[in-house]
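Okay, everybody, thanks for coming. I'll put the next one up on the screen, and then we can walk through it together.

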Amino acid sequence: IEGELPAIEKFVIIAAPHTSNWDFPITLGVAFALKMKIYWMGKISLFNWPLGGVLRWLGGIPIDRSQSRNTVEQAIRAFGEREKLIMVIPPEGTRKKVGHWKTGFYHIARGANVPIVLGFLDYRRKVGGIGPAFHPTGCMEEDIREIKTFYAAITGKRQDLFGNAALKT
């Protein structure tokens, strides 16, 4: 494990690259080792019986991805309602190869006025951890380019699925 839990109460943490089902349990292990209580969003179908209760206990928040539900606004509101909140968001939004990163993590951080922390699992080096905190400036394209520079050296479990995708504008 590399890095330390930032001395801040609220932040969005990027979980990248997200290329394997193994990312979830390993991320939970890294969070546990760092004594970090994380919250994360997952597709609603994951939260059915028999695992639904356990996934919620592990910080899961069910999201219906079949239609727009103002997820960004709900997440921003959650930051406003809590004294402490660490929300883990994979910018790819899936384990499959994507052509672009989703920008919800960025809009949530900007709207909640919280930093983005660069979390990672580097399977090549067998290291997971926390990189630097990044404060969004409002110039999304430049900010995302800087964030992706950090991830350029990180290797996912299935690196062929992590193309350090372009930003969808």
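Before I give you a surface number: accessible area here comes from the Shrake-Rupley method with a 1.4 Å probe. With that, the accessible surface of the protein chain comes to about 9,700 Å², and carbon and sulfur atoms account for 55% of that surface. Oh, and keep in mind that this is a predicted model.

Right, the overall layout. We've got 169 residues in the protein chain, and 41% of them count as buried. There are five helices and eight strands. If you read off the elements from the N terminus, you get β-α-β-α-β-α-β-β-α-β-β-α-β. As for contacts, take the ones between residues at least 6 apart in sequence: 68% of those join residues at least 24 apart.

Now let's zoom in on strand E1, residues 10-16. Is this strand mostly covered or mostly open? Mostly covered: six of its seven residues are buried.

So who does E1 pair with? Let's start with strand E4, residues 85-89: E1 and E4 run parallel, with five bridges joining them. If you want a spot to click on, go to Ile14, whose bridge partner in E4 is Ile89.

Then there's strand E6, residues 116-122. E1 pairs with E6 over five bridges, in the parallel sense. Here the residue to pick is Ile13, and its bridge partner in E6 is Val117.

So that's E1: a strand with six buried residues out of seven, parallel to E4 and parallel to E6. Okay, over to you folks.

Conventions: Residues numbered from 1 in each chain as written. Predicted model: local features only at pLDDT ≥ 70, side-chain atom pairs only at ≥ 80, totals over all residues. Heavy atoms only, no water. Buried < 20%, exposed > 50% of the residue type's maximum accessible area, 1.4 Å probe, protein only. Helix = DSSP H or I, 4+ residues; strand = E, 2+ residues; numbered from the N terminus. Pairing = 2+ DSSP bridges. Contact = heavy atoms within 4.5 Å.
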